[in-house]
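Thank you all for coming. Please take a moment to look at the sequence and the model on the screen, and then we will walk through it together.

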Amino acid sequence: MEESLYNFYNLFVNGSLLEDLYQEELLSPLTWSAIGLAFVVAFAFYIWPLNKVSFSGLGSWLSMAGISALLLFVITLITCYQKANQDIPRDEADSNQGTIFDQGVSVFLSYAFEMALLTALIFFIISMVMKNFSKNAKHRPMLWPSK
C-alpha cells in the first residue's frame with residue numbers, strides 16, 4: 001500500500017519530503033487520518049448529532065468541510081514538526097535523505113495545505129454517498145444525484 005500511496009503523492013508532493021515520509025512510514029497513517037477524519041465529520045453532519053433542519057444549509061456544509069480540512073492541516077503540521085525534532089537515522093549512501101525534515105516551516109506548510117485539500121476532496125466524495133442517509137441534508141452539497 002505504501003508503494004501505491006507513494007506513486008499517488010508523487011504527483012503533487014515535494015520529492016525529497018515524499019522520500020522522508022516514505023522512509024518514516026508516514027504515508028499510510030496520514031492518509032488513513034484524512035479518510036477517517038472526513039468520515040467522522042461527514043457522519044456528524046449527515047447522521048448524528050448535527051443532522052438538523054437549521055444546520056442543513058450549504059454554509060453549514062462548507063463549514064464542516066473546512067473543519068475537516070483544518071483539523072488535518074494541524075495534524076499534519078504537528079506530525080512533521082515532531083519528526084523534525086527527532087533524530088532520524090540517515091542512510092550514508094543517500095545524502096539527500098532527511099534533509100526536508102531539517103528545512104522547516106515552508107515545506108511543512110505546503111504539504112499540510114495539500115493534505116487539507118485532499119481531506120476536503122475526500123469529504124466531498126463521502127458526502128455524495130452519505131447524503132442519501134440524511135433526513136435534513138439530502139441536497140448538500142448539491143442536488144444531483146439525489147434529485
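At what angle do the axes of α4 and α5 cross, and within what distance do they come? Before I answer, please keep in mind that what you see is a predicted model. In that model, the axes of α4 and α5 cross at roughly 145 degrees, and they come within 8 Å of each other. The crossing of these two helices, α4 and α5, is right-handed. If we sort the residues of the contact of α4 with α5 by their chemical character, we find 21 nonpolar ones and four polar ones, with no charged residue in the group.

Let me now step back to the whole protein. There are five helices and zero strands, and so, reading from the N terminus on, the order of the elements is simply α-α-α-α-α. The protein has 147 residues, of which 41% are buried. Among the contacts with a separation of 6 or more, 65% are made by residues that stand 24 or more positions apart.

Next, I would like to look at α4 by itself. With its 28 residues, and at 1.5 Å a residue, this helix should span 40 Å, and its end C-alpha atoms are 41 Å apart, which agrees with that expectation. The buried residues of α4, among them W61, M64, L72 and T79, pack against α3 and α5.

The helix α3, which covers residues 27-46, can be treated in a similar way: its 20 residues reach 28 Å from the first C-alpha to the last, close to the 28 Å expected at 1.5 Å a residue. Its buried residues include L27, L30, A34, L37 and F45, and the buried residues of α3 pack against α1, α2, α4 and α5.

To see how α3 and α4 meet at the level of single residues, let us follow T79, which is found in helix α4. Why does T79 count as buried? The reason is that its relative accessible area is 18%, and the cut-off for a buried residue is under 20%. If we leave out residues up to four places away in sequence, T79 touches L26 and L30. The residues T79 and L30 are 49 residues apart along the chain, and yet their C-alpha atoms are separated by 8.9 Å. There is also a polar side to T79, since a polar atom of its side chain lies 2.8 Å from the backbone oxygen of I75.

I will finish with a residue outside the helices, namely E25, which lies in the loop between α2 and α3. Is E25 buried or exposed? Its relative accessibility is 57%, and therefore E25 counts as exposed. What deserves a second look is its backbone, where phi is positive, at about 55 degrees, although E25 is not a glycine.

Methods
Residues are numbered from 1 along each chain as its sequence is written. This is a predicted model: local features need pLDDT of at least 70, side-chain atom pairs count only at pLDDT 80 or more; totals for chains, interfaces and linings use all residues. Side-chain values use heavy atoms; hydrogens and water are left out. Helices (H or I, at least four residues) and strands (E, at least two) are DSSP runs, numbered from the N terminus. The expected span of a helix is 1.5 Å times one less than its number of residues. Buried means under 20% relative accessible area, exposed over 50%, partly exposed in between (1.4 Å probe, protein chains only). Contact means heavy atoms within 4.5 Å. A polar contact is a pair of N or O atoms within 3.5 Å; within protein, one must be able to donate a hydrogen and the other to accept it, and residues adjacent in sequence count only if both atoms are side-chain atoms. Axes are lines fitted to C-alpha atoms, for helices over the stretch in contact, and angles run from 0 to 180 degrees between N-to-C directions. A crossing is left-handed if the near helix is turned anticlockwise from the far one by less than a right angle, and right-handed if clockwise. Ala, Val, Leu, Ile, Met, Phe, Trp, Tyr, Cys and Pro count as nonpolar, Asp, Glu, Lys and Arg as charged, and the others, Gly among them, as polar.
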